[in-house]
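Please look over the structure below before reading on. The briefing covers packing, one aromatic pair, a loop residue and confidence.

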Amino acid sequence: MLGHSWLERHERELGDGLAEVESAWPLIQSWGEQLARSLPDGGRVLAAGNGGSAAEAQHLTAELVGRFLTERRPLSAISLHAESSSLTAILNDYGGDEMFARQVEAHGRPGDIVILLSTSGASSNVLHAAKRAHDVGLTVWALTGPAPNPLAAMADSAIAVPAGSTAAVQEVHLVIIHALCAAMDSVLAARSMLEGAPVRRTS
């Protein structure tokens, strides 16, 4: 019974979060359009998060380097937490606040986009990454839990999911990631058709 009551509560929390995704669709669409402009021309996504949010960040970069809806060229995207040797060296020499920030400074170039995920919106290493990104002239997008929170306030653009648990926020973040990839792929596919290049659709 405890498991079933958790599931019922979780379904309600997911519903609250998914309603926010629906209202955020114009922003997700604009993000997709920006990625479709930037990445094929040499831009890059740098993504980071902690714990489950790290897994979501890596899911995003996998969709970009691989593919989502349509066949296309691979796009440059790096999950900063997955750079294990760099990460442990930075932790050892500079401390936890620098674990993402130093990589942002190393890899980021003008026009790149840093996507930061945090269910609390208050993780110190993620906030330092956002500040460093601004310091070197990068664009920062954030996926967070309920607003207000520091990361949403620091980002150039943010979607704050008003779900009642960490698990629900993370699951809604994954929906947003898939919606973002779908929006980007639709723009790239339309551009390819306008330019006369065939697009091979995959199942």
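Leaving aside neighbours within four places in sequence, which residues is Ile176 in contact with? They are Val21, Ile28, Leu143, Ile159 and Val161. Keep in mind that this is a predicted model. The protein chain averages a pLDDT of 93.

**Nonpolar cores**
- The largest nonpolar core holds 34 residues.
- Ile176 belongs to the group that touches the most other members, together with Ile28, Leu35, Val45, Leu64 and Met184.
- Helices α1 (2–23), α2 (25–38), α3 (52–65) and α8 (166–194) each give two or more residues to this core.
- Strands β1 (45–48), β3 (113–118) and β4 (139–144) do so as well.
- The top contributor is α8, with 11 residues.
- Another core of 20 residues lies apart from this one.
- Leu80, Met99, Phe100 and Val140 are among the members of that other core.

**Aromatic pair**
- The count of aromatic pairs comes to 1.
- Trp31 and Trp141 form this pair, and their rings are stacked.
- The ring centres are 4.7 Å apart, with 5° between the planes.
- The pair counts as stacked because planes under 30 degrees apart fall in that class.
- Distant parts of the chain are linked here: Trp31 sits in helix α2 and Trp141 in strand β4, 110 residues apart.
- Trp31 has 3% relative accessibility, so this residue counts as buried.
- Trp141 has 2% relative accessibility, so this residue also counts as buried.
- The cut-off for buried is under 20%.

**Pro162**
- Pro162 lies in the loop between β5 (157–160) and α8.
- Its relative accessibility is 40%, so Pro162 counts as partly exposed.
- That class covers values between the buried limit of 20% and the exposed limit of 50%.
- Leaving aside neighbours within four places in sequence, Pro162 is in contact with Asp16, Glu20 and Pro146.
- Pro162 and Leu39 are 123 residues apart in sequence.
- In space, the C-alpha atoms of Pro162 and Leu39 are 30 Å apart.

**Confidence**
- Of the residues in the protein chain, 93% score a pLDDT of at least 70.
- Over residues 198–203, the pLDDT is below 50.
- Beyond near neighbours in sequence, the stretch 198–203 has 14 contacts in the model.

Definitions and conventions:
Residues numbered from 1 in each chain as written. Predicted model: local features only at pLDDT ≥ 70, side-chain atom pairs only at ≥ 80, totals over all residues. Heavy atoms only, no water. Core = buried A, V, L, I, M, F, W, Y, C linked by side-chain atoms within 4.5 Å. Buried < 20%, exposed > 50% of the residue type's maximum accessible area, 1.4 Å probe, protein only. Helix = DSSP H or I, 4+ residues; strand = E, 2+ residues; numbered from the N terminus. Contact = heavy atoms within 4.5 Å. pLDDT = per-residue confidence, 0-100. Phe/Tyr/Trp six-rings, centres within 6.5 Å; stacked < 30°, edge-to-face > 60°.
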